[in-house]
Structure formats: structure tokens, C-alpha cells
Amino acid sequence: MKRIGVLVSGRGSNLQAIIDAIKRGYIKDAEIAIVVSDVKDAYALTRAREARIKAVHVDPGSYRTKDSYEEEILRLLQKEGVDLVLLAGYMRIVGKRLLDAYHNKILNIHPALLPSFPGLHAQEQAFNYGVKVTGCTVHFVDEGIDTGPIILQRSVPVLEDDTPETLADRILKEEHKIYPEAVKLFIEDRLTIDGRRVRIR
Ligand code: GRF
């Protein structure tokens, strides 16, 4: 049984998609051991507690350095025997401490087709740029911002009457599909990283 730790900051709809995928048996032999939020009142913590998952708030403001903040997160993850870390709307850049401890074992979901539109407000960036197609990406996390090797992507059309909000909603529906798919592939040991390419067996 693999153990998953999820880092969140907000509403946690992607966390919910993973919880549901495990519950319905789509992802097998895995459980979410802990959810950690850097935001005290993140709705994701409520979702975790409702699913009887350990949910912890770690306040970055209580630590003098990023390293000591991540040291505490690492302690929590390791205490729970976490094998895989998922970023699910976690609004911080992962630092060296966590990256070293979980090398190639941290995944992120991003609401654009990387390498286009990394960083914040990706859906709005794509909308304002005027692209006709955007989408979402699940990737391994490295030291850059949304730069790690890509596992899965799904495209989403931009429609004539879209607003940034309707577009973001349509992308989110696809996020909720590809994140569980990518987690399933990882848990089943079907991913290998070959340079920038992720091979799927
Ligand atoms: C999602 O759009 C995700 O792609 C991005 O942050 C958002 C998180 O939403 N990284 P939620 O908290 O999972 O609902």
C-alpha cells in the first residue's frame, strides 16, 4: 500500500478528485495519509477531515526560514510514511528540502498546456493571450516554476463566448480526470523519467 501526502492551500477540488478516485477503486493500493495546508482555513482541510484523513495546518509565518518550514512539513510526511507527494492547489514554490527528500516523487497539476502559461492565473493568461486551445498538465516537480517533466496533458478549446471563469471551469473538469490518471500511473510504477520525457508503460 503506497501512502500519499497532499499539500494544499485552497478549495481542494483536485484533492477531492483523488479522494474519490481511491474510494471508487480507480486508484488501487494507495491511501492518502495526510493533507497539509499552509492556509489555516483552506476548504481542502475540511474535505480531508470529512473523508477521515489527517489534516494539518502548518503556518509558514511561524518559521524563520523556508527551510525550517519545509523541515516541519517533511517531518509530518515522513512520520506518516509518505511515498508520493501531490501538490493540489498548493500556492508555494517547493524548496530544496522537500525536493531532495522526495526526488521525482512530487507531482503537480497546472491549469494550462505547459510550457505555455506557467505561474499564477494560467487560465486567465491563456484567455488574454487569445489562444484557441489551452488545457491542463500533470508534471513532476523540479526546482523551477511548473518546469518539471510532463506526465499527462489534456487540451480544452477556448469558446467564442468564454470568460476567464467559464474557461477555468472547463479546464478544472479535465484536471479532475487527468490528476487521478497520473497518480494511478505513478502508484502502478508505470512512469519512468528519461531526460525531459516521461515514458508510460
Ligand atoms: C487548480 O486550478 C490547479 O490546477 C492549480 O490550482 C487550482 C487548485 O484548485 N494548481 P483546487 O484547490 O484543487 O480546487
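**View 1. Meet the ligand in its surroundings.** A polar side-chain atom of E175 sits 2.7 Å from an oxygen atom of the ligand. Keep in mind as you look that this is a predicted model. S13 also offers a polar side-chain atom, and here the distance to an oxygen atom of the ligand is 2.6 Å. With N14 it is a polar backbone atom that takes part, 2.9 Å from an oxygen atom of the ligand. Which residues surround the ligand? They are R11, G12, S13, N14, G89, I109, H110, P111, Q123 and E175.

**View 2. Two domains side by side.** The domain assignment of the protein splits the chain into domain 1, residues 1–103, and domain 2, residues 108–201. Between them, the contact draws on 21 residues of domain 1 and 18 residues of domain 2. If you picture the C-alpha centre of each domain, the two centres are 20 Å apart. The size of an interface is often given as the accessible area lost when the parts come together. For domain 1 and domain 2, the buried area is about 1,700 Å², and 70% of it lies on carbon and sulfur atoms. Which three residues supply the most of what domain 1 buries against domain 2? Look for N14, Y26 and L87, which supply 30% of that area, more than any other three residues.

**View 3. A salt bridge across the domains.** Side chains of opposite charge can pair when their charged atoms come close. Here you can find the side chains of K2 and D189 meeting in a salt bridge, with N and O 3.7 Å apart. The count of salt bridges between domain 1 and domain 2 is one. Polar contacts join in too: five residue pairs make them between the two domains.

**View 4. The side of domain 1 that touches domain 2.** Three elements each supply at least two residues to this side: strand β1 (2–8), helix α1 (13–23) and strand β4 (84–88). Which of them gives the largest share? That is α1, with five residues. Sorted by class, this side of domain 1 holds 15 nonpolar, two polar and four charged residues.

**View 5. A salt bridge between two strands.** The count of salt bridges in the model comes to 15. One of them pairs R3 with E31, and their closest N and O atoms are 2.7 Å apart. Why is this pair worth a look? R3 belongs to strand β1 and E31 to strand β2 (residues 30–37), so the salt bridge ties together parts that are 28 residues apart in sequence.

**View 6. A cis peptide bond in a loop.** Follow the backbone from L114 to P115 and you will cross a cis peptide bond, with omega about 10°. P115 is placed in the loop between β5 (106–110) and α5 (122–129).

**View 7. A positive phi at D146.** What is the phi of D146? It is positive, about 60°, although D146 is not a glycine. To find D146, look in the loop that runs between β6 (133–140) and β7 (150–157).

Terms used. Residues numbered from 1 in each chain as written. Predicted model: local features only at pLDDT ≥ 70, side-chain atom pairs only at ≥ 80, totals over all residues. Heavy atoms only, no water. Domains from an automatic or database assignment. Contact = heavy atoms within 4.5 Å. Buried area = accessible area lost by both parts, 1.4 Å probe. Salt bridge = Lys/Arg side-chain N within 4 Å of Asp/Glu carboxyl O. Polar contact = N/O pair within 3.5 Å; in protein donor to acceptor, adjacent residues only side chain to side chain. Helix = DSSP H or I, 4+ residues; strand = E, 2+ residues; numbered from the N terminus. Nonpolar A, V, L, I, M, F, W, Y, C, P; charged D, E, K, R; others polar. Near = heavy atom within 4 Å.
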